[in-house]
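Dear colleague,

I am passing on the structure we spoke about, and I would be grateful if you could look through it with the notes underneath beside you.

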Amino acid sequence: MLILSEQEIKNHYFMNDAIYDVKQGLISKKKGQITNPHRTVIDIPAHQASSLYMPSADLSQEIASVKLVSIFPENPKQGKPTTQGALVLTDASNGEHICMMSASFLTRLRTGALSGIGTEKLARTDAQTLGVIGTGAMAFEQVLGVLEVRDIQELILFNRTIEKAYTFKEALMTWGITIPIKVVDSPKQVMQVSDIIACSTRSDNPVFDGNDLRPGMHINGVGSYLPSMREVDLKTIQTVDKIIVDDLASIKEEAGELIYANQESDWQFSHIHAELSDVGGGDRLLRETDQEITFFKSVGAAYFDLVVAKGIYVKAKSLGIGQKIEL
């Protein structure tokens, strides 16, 4: 079995790799080649935490995976990361477990790639300002995903704890991002100037006011993944012209803001424009006018992890990296 650390993955597998591999996975899903059982989420209320178990297989490629992710928001107080994960790849032709890899960065990377593809499909091609609401663990790759597909000229950051926004700004600059980055005091200030909004918080309450939406905006929402979470408000759901989701079955079980809208208003899941696998394999823009307001909602699905993990494994083997062990 090949063992791959997070640092080895970071050093050799990048956002453009992930976007390419996720697009291939979307094509496979559309062709009916993906087996993707619903994930199991175990809540741990005492720590406001969750453990997620996510199996998947691409039978046409004879590859399968199981990812385990734990999300413990209180961990930073103990000097530990909020999100920790591991993934096992299995050769589906003989049952051999061929690779185990760190999955925390993998998860952030594939989620950023999904938002990149959603942005590529929905955001105005001339969008120049990216607003980031919430600068926690998932936000960095959200920025990278959008930068990969749009010529962003300015970043606007908001976080409830403003010091974390400045730390995030420094991390972006250290990464090599040279465009202007501004930290603001409120979500309203983000909404007033941004063409694209990236939300990646675990909030149970909406993080911006839907009344602040402007024509032509695009929103990526990736933070809420439980029915109790509502990262965007009902006004937003009722206002946007197009909603695209990453995986419809998972969305109906886990996307709190859409579940709430379906239960408490005249909005219905049938109003969703498309699942990403229906539209995400090519490069066609789905926005019909520059005035449309669009929303990409992601809660994740195991096959996204599978296709990225497979890409990482193939690249690692070609480069000769990782540690080989006998179980």
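The notes below take up a set of parallel strands and then a hairpin.

Please keep in mind while reading that this is a predicted model. I begin with strand β9, which spans residues 154-158 and is mostly covered, with four of its five residues buried. On one side of the pairing, strand β8 (residues 129-133) runs parallel to β9 and is joined to it by five bridges, and within this pair Thr-129 has Glu-154 of β9 as its bridge partner. Between these two strands the chain passes through helix α4, residues 139-149, and the resulting β-α-β crossover from β8 to β9 is right-handed.

Strand β9 also pairs with strand β10 (residues 181-183), again in parallel, and here three bridges join the two; one contact to look for is that of Leu-157, whose bridge partner in β10 is Val-183. Helix α5, which covers residues 162-175, forms a β-α-β unit together with β9 and β10, and this unit is right-handed.

The hairpin is a separate topic. Strand β3 (residues 40-44) and strand β4 (residues 49-58) pair in the antiparallel sense, with five bridges between them, and Val-41 finds its bridge partner in Leu-52 of β4. Four residues lie between the strands of this hairpin, and in it Gln-48 takes a positive phi near 50°, which you may wish to look at in the model.

With best wishes

Notes
Residues are numbered from 1 along each chain as its sequence is written. This is a predicted model: local features need pLDDT of at least 70, side-chain atom pairs count only at pLDDT 80 or more; totals for chains, interfaces and linings use all residues. Side-chain values use heavy atoms; hydrogens and water are left out. Buried means under 20% relative accessible area, exposed over 50%, partly exposed in between (1.4 Å probe, protein chains only). Two strands pair if DSSP finds at least two bridges between them. A crossover is right-handed if, with the strands pointing away from the viewer, the path from the first strand over the helix to the second runs clockwise.
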